[in-house]
Amino acid sequence: MRRTIEWDDDAILIIDQCALPRELRTLRLETVDELIAAIQRLAVRGAPALGAAGALGVALAARAHPEDHEAVRAAAAALAEARPTAVNLSWGVQRALKLLPEGADAVLAEARAMLDEDERRNRDASGRAADLIRDLCPRRPLRLLTHCNTGRLATVAWGTALGVARHLAEAGEIEYVLADETRPLLQGSRLTAWELAEAGIPYRVCPDAAAASALAAGMVDAVVVGADRIAGNGDAANKVGTYPLALAAARHGVPFLVVAPESTVDATLATGAEIVIEERAADEVTHLGGVPIAPKGAMAYNPAFDVTPVDLITAIVTEARTVRPTPPPE
Ligand code: MRU
């Protein structure tokens, strides 16, 4: 599958991200309930991919209940709540839902158009971020550090922050990408490393706890991450571990870029303090691959995301604009 998420006849096809890197397999989702379950176990994940999933989910519901718009709206509401932090999910649901009065075919056409748009927007945002990095970082080839997975798997295609590495690698300007492993669900070591290997881009997997040392040792020219929701003032929620990375990048004068589509910006929220942070099950922390790594009954603090304050961000780059909240580090 070239795309992470697609429409096929009467169903949604997704790359099953729970199976990677062991196996590249496709899941066929035929109902909204199946889609919600896939979203919650992170078989499909990443903010832009969730936006596409939300829109296609509304199309599934509209086709299942062509005469019952109330049923479609109820399914859409459940879908929008499947995960709370990435604003793209409810954005995708709402955008597709607007077409409901015109019928199920119109909803599906809108959802499919959104899939096409996603790749274009990601390519534009990441291309513009790549140019900014070229301006900010004199060293060639470049060494990037990234967190979580923001590549083709987190989007419909191409990627946001990882799309930056793709652009620079195409121009022969990448020495390596350090991919934070991204505890506890390992989106970095399982998914980002898999994508970088697939694309032939040199990389090393890095324990999250080693990222600050890599920055201190001068091993990184720029940090690039994605976002799940960007508040009106520029505070950005992203995978937990992003905020400490931003602190360390600021301490060591390394540019820290957030790359995301405009659909990730939530101007209804004044600051990041208003962003709802998803808390996930304790066993994601107390177990690894089903094996206990903490005493039986251990409780856990397991927020899926954290918020990076805008003053730690060198630039927020979307397909439409580059916002420079703070001067670039010396
Ligand atoms: O919990 P996940 O894996 O859905 O978290 C994903 C992230 O935090 C990504 O960095 C973000 O969605 C941007 S994806 C382009």
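**Ligand site and backbone geometry**

In this predicted model, an N or O atom in the side chain of Arg83 lies 2.8 Å from an oxygen atom of the ligand. Arg45 also approaches the ligand through its side chain, with a polar atom placed 2.5 Å from a ligand oxygen. Ala47 differs in the part of the residue concerned: a polar backbone atom of Ala47 is 2.9 Å from an oxygen atom of the ligand. The protein buries 100% of the 420 Å² that the ligand exposes when taken alone.

The ligand occupies the largest cavity. Two elements, α2 (47–64) and β9 (236–239), each contribute two or more residues to the surrounding shell. Of the 16 residues around the ligand, those that come nearest are Arg45, Ala47, Arg83, Asn238 and Lys239. By class, the shell comprises six nonpolar, six polar and four charged residues. Both domain 1 (5–117) and domain 2 (137–323) supply residues to the shell, with at least three from each.

Two cis peptide bonds that precede proline were identified. One runs from Arg140 to Pro141, with omega near -15°; Pro141 is located in the loop between α5 (104–136) and β4 (142–146). The other joins Arg183 and Pro184, with omega about 0°, and Pro184 is placed in the loop between β5 (174–180) and α7 (187–199). A further backbone feature concerns Cys148, a residue other than glycine with a positive phi, near 65°. Cys148 is found in the loop that lies between β4 and α6 (161–170).

Conventions. Residues are numbered from 1 along each chain as its sequence is written. This is a predicted model: local features need pLDDT of at least 70, side-chain atom pairs count only at pLDDT 80 or more; totals for chains, interfaces and linings use all residues. Side-chain values use heavy atoms; hydrogens and water are left out. A residue is near a molecule or strand if one of its heavy atoms lies within 4 Å of it. A polar contact is a pair of N or O atoms within 3.5 Å; within protein, one must be able to donate a hydrogen and the other to accept it, and residues adjacent in sequence count only if both atoms are side-chain atoms. Accessible areas come from the Shrake-Rupley method with a 1.4 Å probe; for residues, only the protein chains shown count as cover. On a 1 Å grid over the protein atoms alone, a cavity is a set of points where a 1.4 Å probe fits but cannot get out, and a pocket is an open set with protein on both sides within 12 Å along at least five of seven lines; lining residues have an atom within 4 Å of a point. A molecule sits in a cavity or pocket if more than half of its atoms lie within 2 Å of its grid points. Helices (H or I, at least four residues) and strands (E, at least two) are DSSP runs, numbered from the N terminus. Ala, Val, Leu, Ile, Met, Phe, Trp, Tyr, Cys and Pro count as nonpolar, Asp, Glu, Lys and Arg as charged, and the others, Gly among them, as polar. Domain bounds come from an automatic or database domain assignment.
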